[in-house]
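Please look over the sequence and the model below before reading on, and keep both in view while the text leads you from the whole chain to single residues.

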Amino acid sequence: MIIVAGEALIDLVPTGPADDELPALLPRRGGGPYNTAVALARLGSPAAFCSRLSTDHFGEALLRALTADGVDTSLVQRGPEPTTLAVAHIGDGGSATYTFHAEGTADRLFRLPDGLPAAARAISFGTCSLVLEPGAGAYEELMRRASRNGLFTALDPNIRPGLIPDADAYRARFHSWLPHTTVLKLSEEDAAWLAESTDLATAVEEWVASGPYAVVLTRGGAGLTVRTRDGLELSVPGTETDVVDTIGAGDTVNAALLHRLDQHGALTGMPSLDADQWYDVLAFAARAAALTCSRAGARPPYASELEVGESPVVR
């Protein structure tokens, strides 16, 4: 089982003409960790979601969709607080920025669970859940505990600057997570924000030296690049598609990486992959993300929609 820990929320996605100052907003299920859990299940991986959901109608809709896609919800906590809302603004090229309404919402009150299922082999963290207290502290402790217990840990910071009151404090906290992270995945934009005045190549080298087995950078339509502790650096091109928007694309990459790494038997505390295996993993993630970008909102693909079968392939 692959566990995804973090927030679920409702994205309010604009519809209608791009030049409309006040477009109609369509509610969509979202949240980086939520999208990752759904994408994992759709790709065929046994997945569980670890979070706190509201008992309001949005929370019920989020829970129903998890169940419909086969995600294990036994680690989901419930509360009467409202569901977080994220208002999306779609810019040129389909890129999305967000305004969050998260004060006093259910996912902020997540509590550290007593334990994880015995079947758990990997756990993924990221996005708002590692920023918004008091829940962020509980997720952070869960990360440290999982790492101590030998689980494969994945981290996607998925930076939302508007939610981070103290950038320097967050960067320091980010560095404290690296010794407990097996694979760090982040976009070039997030990497540049975290690196601040350091050039990106040097920052990635420093991050790998701090603990992760690998750092995976997403570069939009240009593809993905991995740098590993073994000194491997490899890139794959993006998959061409007609982009509607990029909502959920990074979350799909998260899920596809974990799913394909599992196909290579690499979901361990000490993974090891060669260049051909990494090429396969990254190419699979690029194809999956392209499908998500080809439709509105965070709608990750099913395994049947991908061109290449589930058996790992090499170049």
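Of the 315 residues of the protein, 54% count as buried, and the reader should keep in mind throughout that this is a predicted model. The protein contains 8 helices and 13 strands. Its radius of gyration is 18 Å, which is close to the 20 Å that the globule rule gives for 315 residues, so the protein is as compact as a globular protein of that length. Measured out along its principal axes, the C-alpha trace spans about 45 × 45 × 40 Å. The surface that the protein exposes amounts to about 12,900 Å², and carbon and sulfur atoms supply 52% of that area. Among the contacts with a separation of 6 or more, 70% are made by residues 24 or more positions apart.

We can now turn to the strands. An open sheet of 9 strands runs in the order β5-β4-β1-β8-β9-β10-β11-β12-β13, and its pairing is mixed. At the edges stand β5 (72–79) and β13 (233–236), each of which has a single partner strand, so one side of each is left without a neighbour in the sheet. On average, and with direction ignored, neighbouring strands of this sheet are turned by 15° against each other. Within the sheet, strand β9 (residues 152–156) pairs with strand β10 (residues 183–187) in the parallel sense over 2 bridges, and L155 stands opposite L184 in β10.

The loop between α4 (167–177) and β10 holds T182. Is this residue, T182, buried or exposed? T182 counts as buried because its relative accessibility is 7%, and the cut-off for buried is under 20%. When residues up to four places away in sequence are not counted, T182 touches L151, F152, T153, P212, Y213, A214, T268, G269 and P271.

The last step concerns the nonpolar cores. In soluble globular proteins, nonpolar side chains tend to be buried together. Here the largest nonpolar core has 50 residues, and those with the most contacts inside it are F49, W278 and L282. Helix α8 (residues 275–293) gives the most to this core, contributing 8 residues. If neighbours within four places in sequence are left aside, L282 is in contact with V216, L224, T225, V226, L234, V236 and L257. A second core, separate from the largest one, has 43 residues and includes A5, A86, C128 and W207.

Terms used
Residues are numbered from 1 along each chain as its sequence is written. This is a predicted model: local features need pLDDT of at least 70, side-chain atom pairs count only at pLDDT 80 or more; totals for chains, interfaces and linings use all residues. Side-chain values use heavy atoms; hydrogens and water are left out. Two strands pair if DSSP finds at least two bridges between them. Helices (H or I, at least four residues) and strands (E, at least two) are DSSP runs, numbered from the N terminus. Axes are lines fitted to C-alpha atoms, for helices over the stretch in contact, and angles run from 0 to 180 degrees between N-to-C directions. A nonpolar core is a set of buried Ala, Val, Leu, Ile, Met, Phe, Trp, Tyr and Cys residues joined through side-chain atoms within 4.5 Å. Buried means under 20% relative accessible area, exposed over 50%, partly exposed in between (1.4 Å probe, protein chains only). Contact means heavy atoms within 4.5 Å. The radius of gyration is taken over C-alpha atoms; the globule rule is 2.2 Å times the number of residues to the power 0.38. Accessible areas come from the Shrake-Rupley method with a 1.4 Å probe; for residues, only the protein chains shown count as cover.
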